[in-house]
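Thanks for coming. I will take one structure this morning, starting at the metal site and working outward.

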Amino acid sequence: MPVIGRVLEMQEELSRIRRDIHAHPELCFEEQRTSDVVAAKLAEWGLEVHRGLARTGVVGTLRKGNSPRAIGLRADMDALPMQEANDFAHRSTHEGRMHACGHDGHTTMLLGAAKYLAETRNFEGAVHFIFQPAEEGGGGGRVMVEEGLFDKFPCDAVFAIHNKPGIGIGQIATRPGPLLAAADRYDIRINARGAHAAYPHLGVDPIVIASQIVLALQGIVSRNVDPVDSAVVTVGFIKGGSAYNVIPPEVHLGGTVRTTTPANRDLVERRIRDICAGAATMHGIEVAVDYRRGYPPTVNHADEAAFAAEVAAEICGEANVQRNIRPAMGAEDFSYMLNARPGAMVWLGNGPGEGGCILHNPRYDFNDMAIPFGVSFFARLAERFLKA
Ligand SMILES: [Zn+2]
Ligand SMILES: [Zn+2]
């Protein structure tokens, strides 16, 4: 059973919705117009609509029969603070804002699945269509979970799609375990003792200590993390000093850490703190570490990832499904939902990504040809999970 026929008939309507959302991008927690569009469509198609979780979040619910089983399907609605470089008719009409990550497509595909399932109702139980704000750094998924998403809308499992340029149209990829990384940030402040550059013995040189710390940090991934796992420790900046003949009193450095498992995340943070504490002891000065955790790793649950791959194979054909794609070191706040409920995220092919058409690029555009695959995938996930 390939793409659902009825879904293909909805293509023109859904493309129109997608292009309208693309033309009106809104940033983190400001998705007022987008959530109005979503809520109006869901109500028009006969769903129960709940608004206000995480400010602009919308949850639509379809129920049939008395089964207590329920599935959550999630899309994100927000855009990015960047200027669009495209000149097609549906380009952004909002200066300095752009749907450069395809969340316009994700929202549209979830709407399409809601419309199809509202018409056909070939399931027993509840389908919760979760439209979240603020994926791009605002943690809208976390806020929805904290505000009781899964208490108000209990789900046995939750699934999401992210489009992926570089994977062909009509192809889906996923994997059990980590799909995306945790993204953390750190600042290290070395408070040493400044001096005349010609009299270093009268001070404690923070530039030398910063150099030792930068080199020691390189040993975390190469010597502490299991070589089969992936991790990144990057020093993004070093700030210190202002003159040829002065040893400065302080150096400030910082960067990002990416890890794909909670255990490695703890390990890397601990090692950064150890290295800085060791440097402080060695030199008799103070080294302050501010380690800030961002999104956790997006870790697919094995059974749900396998189920998603089976459904993907039904829609796209086995040859078009990758069941064990390599993890990527970007981050996603669907991770918070996967930490709360079993589930999986999949990559949906957006085409080859020609002309620089990759995510977060000013020429990016979601590919409308992917819509029927995403809608069919969401719809079939629900039908199979809630088999009547
Ligand atoms: Zn993005
Ligand atoms: Zn995204």
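Along the chain, the donors of the zinc ion (ligand 1) follow the spacing C-x34-E-x223-H. The atoms concerned are C101 (SG), E136 (OE) and H360 (NE2), and they lie 2.0 to 2.2 Å from the zinc ion (ligand 1). Keep in mind that this is a predicted model, and that the distances I quote are computed from it.

That spacing takes in distant parts of the chain. E136 sits in the loop between β4 (125–132) and α5 (140–146), while H360 sits in the loop between β16 (343–349) and α11 (371–385). Those two donors are 224 residues apart.

Now the other metal. Which residues coordinate the zinc ion (ligand 2)? They are C101, through SG, and H103 and H162, each through NE2, at 2.1 to 2.4 Å. In sequence, the spacing here reads C-x1-H-x58-H.

You will have noticed C101 in both lists. C101 bridges the zinc ion (ligand 1) and the zinc ion (ligand 2), and the two ions are 3.2 Å apart.

Are these donors buried or exposed? C101 and H103 are both buried. H360 counts as partly exposed, because its relative accessibility is 39%, and the partly exposed class runs between 20% and 50%.

Next, the overall picture. The protein has 388 residues, of which 55% count as buried. Its secondary structure comes to eleven helices and 16 strands. Taken along the principal axes, the C-alpha atoms fill a box of roughly 80 × 45 × 40 Å. Of the contacts with a separation of 6 or more, 82% are between residues 24 or more positions apart.

One pair gives a feel for the scale. G166 and M282 are 116 residues apart in sequence, and their C-alpha atoms are 49 Å apart in space. G166 is in the loop between β5 and β6 (172–173). Why is G166 classed as exposed? Its relative accessible area is 55%, and the class starts over 50%.

On to the interior. In soluble globular proteins, nonpolar side chains tend to be buried together. Here the largest nonpolar core has 66 residues, and those touching the most other members are L73, F129, F131 and L381. Leaving out residues up to four places away in sequence, L73 touches L110, V127, H128, F129, I130, F159, F378, L381 and A382. There is also a second, separate core of 27 residues, with L267, C276, I285 and Y291 among them.

Last, the pockets. How much space lies in the largest pocket? About 710 Å³. The lining is made up of 26 residues, and the closest to the pocket centre are A183, R258, Y295, A331 and E332. Three elements give two or more residues to that lining: β5 (157–164), β8 (182–191) and β12 (250–259). Of these, β8 gives the most, with three residues. By class, the lining has eleven nonpolar, six polar and nine charged residues.

To go back to where I began: C101 coordinates both zinc ions, and C101 is buried. That is what I have; questions are welcome.

Definitions and conventions:
Residues are numbered from 1 along each chain as its sequence is written. Chains are lettered from A and ligands numbered from 1 in the order in which they are written. This is a predicted model: local features need pLDDT of at least 70, side-chain atom pairs count only at pLDDT 80 or more; totals for chains, interfaces and linings use all residues. Side-chain values use heavy atoms; hydrogens and water are left out. Donors are N, O and S atoms within 2.8 Å of the metal (3.2 Å for Na, K and Ca); water is not among the atoms, so sites may look incomplete. Buried means under 20% relative accessible area, exposed over 50%, partly exposed in between (1.4 Å probe, protein chains only). A nonpolar core is a set of buried Ala, Val, Leu, Ile, Met, Phe, Trp, Tyr and Cys residues joined through side-chain atoms within 4.5 Å. Contact means heavy atoms within 4.5 Å. Helices (H or I, at least four residues) and strands (E, at least two) are DSSP runs, numbered from the N terminus. On a 1 Å grid over the protein atoms alone, a cavity is a set of points where a 1.4 Å probe fits but cannot get out, and a pocket is an open set with protein on both sides within 12 Å along at least five of seven lines; lining residues have an atom within 4 Å of a point. Grid points are joined across faces, edges and corners, and a volume is the space filled by probe spheres set on the points. Ala, Val, Leu, Ile, Met, Phe, Trp, Tyr, Cys and Pro count as nonpolar, Asp, Glu, Lys and Arg as charged, and the others, Gly among them, as polar.
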